[in-house]
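I opened my notebook today to look at how two protein chains meet and which charged side chains pair up. Here is the structure I worked from.

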Amino acid sequence: MPAFPQAANASTRNTHLRANLRHATHTIRAKRATAVAELDDWSRLRAAGAAIKDRTLRHLDQYLEQLESAVTAAGGQIHWAADADEANRIVTELVRATGEREVVKVKSMATQEIGLNGALATAGITAYETDLAELIVQLGDDLPSHILVPAIHRNRGEIRDIFTEKMSQWGRPAPDGLTDAPADLAEAARLHLREKFLNAKVGISGANFMVAETGTLVVVESEGNGRMCLTLPETLISVVGIEKVVPTFQDLEVFLQLLPRSSTAERMNPYTSTWTGTTDADGPRAFHLVLLDNGRTDTLADTVGRQALRCIRCSACLNVCPVYERAGGHAYGSAYPGPIGAILTPQLRGTQSELDASLPYASSLCGACYEVCPVAIDIPEILVHLRERVVEGGPASVRGTRTVIKPAKGHAAERAAMRAARWALDHPRLLRTGQRLASRTRRFHPRRLPGPGRAWSDTRELPKVPEESFRDWWQRTRGGSGTGSGTEGRKDTT
Amino acid sequence: MARIRRALADVPRAETPGEVPVERTYHRVHGDRSSAQTADLLAENLADYRAIVHRADTPSSPDTPSSLPALIARLLADRGATSVAVPPGLPASWLSAVPGAVRRVPDTAELTPHDLDAVSSVVTGCAVAIAETGTVVLDAGPDQGRRRITLVPDHHICVIRVTDQVVGSVPEALERLDPARPLTWISGPSATSDIELDRVEGVHGPRTLEVILTGPESAGQS
C-alpha cells in the first residue's frame with residue numbers, strides 16, 4: 001500500500017467517488033444530529049460510556065478473566081490469539097475440525113483486520129460474506145471503504161453489474177434482467193444468500209460487546225444476516241478484540257443508546273442479538289470465542305493512545321471528517337478508515353511502514369471527530385501524540401515489549417525545521433532580526449517552496465508574511481489599549 | 001494475560017475497578033408518560049420503522065370475547081398464509097379463529113431451516129417492548145419459540161400485552177431481561193441502506209412485521 005498522501009492524491013481526483021461519498025456522509029451526518037438531539041441527556045450518556053470503557057481498560061485483565069469463566073460456564077470455549085496469524089490458525093483449525101469447507105460470515109471488523117477470508121481461502125475454505133454491502137465488496141473483488149456501509153463508494157449501476165457478472169461464480173446467479181432498483185438488488189441478494197444460510201453448518205461473527213459478568217455476547221445489525229449466521233449453523237466461531245468487553249449486563253443500557261443513534265442515526269437498529277454460551281436446541285451446539293490481541297496490548301500500554309480502545313465502531317467520525325470525505329476509505333490502507341483509522345491503525349500495527357507513519361497526518365486536526373465521538377475519544381490529541389512518535393521516536397510497546405523506537409524515515413526535513421525553530425526561539429534577538437528581514441522582502445517571496453519544502457507547499461498555501469511582526473507592533477502600540485496608546489498607535493499607521 | 005498486565009503498569013496495583021468513577025446521571029427514562037401514552041409512543045415508533053401496528057382489546061370479564069383471535073385470522077388471510085409456525089406455549093385461543101386449512105407448524109427440535117423456509121407466517125408473544133425506541137424483545141420464552149422461527153418465515157405477527165409488557169426505555173427493559181436466555185431485539189422489519197443509503201425492507205429477516213397491542217388500555221384507541 002502506498003502512503004496516505006499518494007493514495008489520497010489518486011482518490012481525490014476521482015470525482016465519481018467524491019460525489020458518492022459526499023452524498024453519503026452528509027446524509028448520515030444530518031440524520032445523526034436529529035437522532036442525537038432526541039435525547040436531552042446525550043452528553044451524560046457519552047460521559048458514562050467513556051467512563052465505563054476507561055474502567056474496563058484499566059482493569060482489562062480482571063474483566064477478561066471474569067469473561068472467560070462466564071463463557072466457559074455457559075458452554076462456550078475460549079481461545080486466545082496474540083496476533084492475526086494465530087487467530088487465523090485457530091479459526092482454520094476449528095473449521096477443519098467440523099469437516100466443513102464453507103462458512104457463512106456476518107460482517108466483522110476484527111476478521112477484516114486479520115484478513116481471515118484470505119487465510120481460510122489458502123486453507124481451502126470458502127467464507128461467504130452475508131452483509132449486503134460486504135457481499136458487494138466480496139463479489140467485486142474489492143475492499144470495504146467505510147465501517148458502517150462498506151460499499152458506499154459504489155452506486156446502484158455498479159452494483160447491478162457486479163451482481164450480474166459475479167453472483168454465478170459464488171452460488172445462485174442473479175435473476176435475468178436484473179434492474180438497478182435497490183429493492184431488486186436486495187431481492188437478488190436475498191435469494192443468493194438464503195441458499196447459503198439454509199445449508200450452513202459453520203458461522204463466523206464478531207461482536208459489538210461482550211459482558212464480563214454474564215459471558216453474554218452482543219451483535220447489533222439491520223438486515224438479519226447476523227441472526228442467520230448466529231442461529232442457524234451448528235458451530236459458531238466469534239472473533240472479538242479484547243477491548244470489546246464491558247463489565248456488566250446493565251452497562252449495555254448506555255451503549256445500546258449511544259451506538260445506533262451515532263452510527264445509523266436510528267433510535268434502535270432493526271436487530272440486536274445476544275447469546276450466552278449455547279442454548280439447548282436453539283442455535284449452535286458449539287460456540288467458540290477467539291479473543292484477539294493483535295496490537296491491542298501495545299495500544300493499551302500507551303497512556304495517551306489507550307483511549308482509542310474505547311471505540312465502539314459507530315463510524316460517526318468518518319461522516320464528519322473533511323479528509324475522509326474527499327480521500328475515501330481505501331486511502332487509509334486498513335480495515336479502519338477515517339479519523340479512528342488514523343489513530344487506531346498506527347497503534348495496532350506500529351509506525352514502521354511508510355503508510356502507517358503517514359496516517360497520523362491524514363487529518364486537518366479540525367476536531368469534528370472528537371465532537372461527535374459517542375465515547376469522547378480525543379482523536380486530535382492522539383493524532384498529535386502519534387505525529388510526535390513518528391518524527392521523534394521514543395518509548396513504545398511493540399508486540400508486548402517496551403522498547404524505544406527510532407524516528408520514522410522521511411521526516412528529516414521536519415525534524416530539521418523543528419530544530420531550527422527551537423534554536424530561533426531560544427535566541428530572541430536573532431528571531432527579531434529575521435522577522436524584520438522577512439517583512440522587508442515579502443514582495444519577493446515565492447508562492448511555492450523550493451527544494452525539499454516543495455512537497456509540503458504542493459498541497460498548502462504559503463502563509464503571507466505580515467508587514468510588521470507582532471512583537472514590533474506590540475512595542476509600538478502596547479496592544480492598542482491602555483492610556484491612550486491605542487489612539488497613538490492608529491495615528492502612527494495613518 | 002501477562003502482556004495485558006505489563007501494558008497496565010501505570011495503573012496502581014491496589015486500584016480496584018470501583019475506583020474508576022462512572023457517573024450514571026443519565027435518565028432512567030426520557031420524559032414522564034402515563035401507561036396509555038407509553039403505549040401510544042410505542043405504536044408511533046414501531047410505525048416509524050415500518051412495522052404495521054394493530055390494536056385488539058382483551059375484555060376485563062371472561063364472558064365477552066376478545067377481538068384478538070379474529071384479528072390474527074384476518075391478518076393471516078390478508079397475506080394468503082397457507083401455513084403458520086406456532087411456538088409451543090402460544091395461547092391456544094390466539095389461533096382459534098384461523099381456519100383449519102392453514103397448516104399449523106409446531107416449533108420442535110426436528111424443524112429444520114429448510115422446513116421453515118416453506119412456512120408463510122409466524123405468530124408469537126414477546127418478553128418486553130420498549131416505547132422510546134419502538135423495539136420488541138423476544139427471549140425465546142414458551143410463547144415465542146426458538147430464534148429461527150421468527151427469522152426464516154417472511155411474515156411475523158407479534159402480540160404485545162399493553163401495560164405489563166411495555167416499558168419506556170432501554171434501561172427499564174434490560175433490568176427485566178435474563179441475560180442467560182438468548183435475546184432478539186427487533187425494531188421494525190429487516191432493513192438495509194447499503195445501496196446509496198436507500199432504505200429497503202427485508203433482505204434476510206421477515207419483510208413484514210405486524211405488531212398487535214392488546215389490553216384494556218388500548219381498546220378503541222386506534
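Below are my entries, in the order I made them.

**Entry 1: the model.** I noted at the start that this is a predicted model, and I read everything below with that in mind.

**Entry 2: the interface.** I looked up the contact between the chains and found 94 residues from chain A and 75 residues from chain B taking part. The area buried between chain A and chain B came out at about 7,400 Å². Carbon and sulfur atoms give 55% of that area. I then counted polar contacts between the two chains and got 46 residue pairs, both partners at pLDDT 80 or more. On the chain A side, the largest share comes from helix α10 (residues 182-199), with 12 residues touching chain B.

**Entry 3: salt bridges across the chains.** The whole structure holds 43 salt bridges over all chains, and I found 15 across the interface of chain A and chain B. One of them joins E196(B) to R156(A), with the closest N and O atoms 3.2 Å apart. I also checked R267(A) and D48(B), whose closest N and O atoms are 2.9 Å apart. This pair runs from the loop between α12 (252-263) and β9 (271-276) of chain A to helix α2 (residues 35-48) of chain B. Which partner is buried, and which is partly exposed? R267(A) is buried because its relative accessible area of 15% is under 20%, whereas D48(B) is partly exposed at 45%. I followed this pair further and found E38(A), R261(A), R267(A) and D48(B) linked in a network of salt bridges.

**Entry 4: salt bridges within a chain.** In chain A, I found R22(A) and E325(A) meeting in a salt bridge at 3.5 Å, N to O. R22(A) lies in helix α2 (residues 15-37) and E325(A) in helix α15 (residues 322-327), so the pair ties together parts 303 residues apart in sequence. R22(A) is partly exposed at 46% relative accessibility, while E325(A) is buried at 7%.

In chain B, I looked at R55(B) and D40(B), with the closest N and O atoms 2.8 Å apart. R55(B) is in strand β1 (residues 52-56) and D40(B) in helix α2, so this pair ties together parts 15 residues apart in sequence. R55(B) counts as buried at 19%, and D40(B) as partly exposed at 30%.

**Entry 5: a nonpolar patch.** Last, I turned to the surface, where F470(A), W473(A) and W474(A) form a nonpolar patch with about 340 Å² of accessible area together. W473(A) lies in helix α23 (residues 470-477) of chain A and is partly exposed, at 31% relative accessible area.

Conventions. Residues numbered from 1 in each chain as written. Chains lettered and ligands numbered in written order. Predicted model: local features only at pLDDT ≥ 70, side-chain atom pairs only at ≥ 80, totals over all residues. Heavy atoms only, no water. Patch = residues over 30% accessible without salt bridge, like charges linked within 9 Å, V, L, I, M, F, W, Y side chains within 5 Å. Areas by Shrake-Rupley, 256 points an atom, 1.4 Å probe, with all protein chains shown as cover. Salt bridge = Lys/Arg side-chain N within 4 Å of Asp/Glu carboxyl O. Helix = DSSP H or I, 4+ residues; strand = E, 2+ residues; numbered from the N terminus. Buried < 20%, exposed > 50% of the residue type's maximum accessible area, 1.4 Å probe, protein only. Contact = heavy atoms within 4.5 Å. Buried area = accessible area lost by both parts, 1.4 Å probe. Polar contact = N/O pair within 3.5 Å; in protein donor to acceptor, adjacent residues only side chain to side chain.
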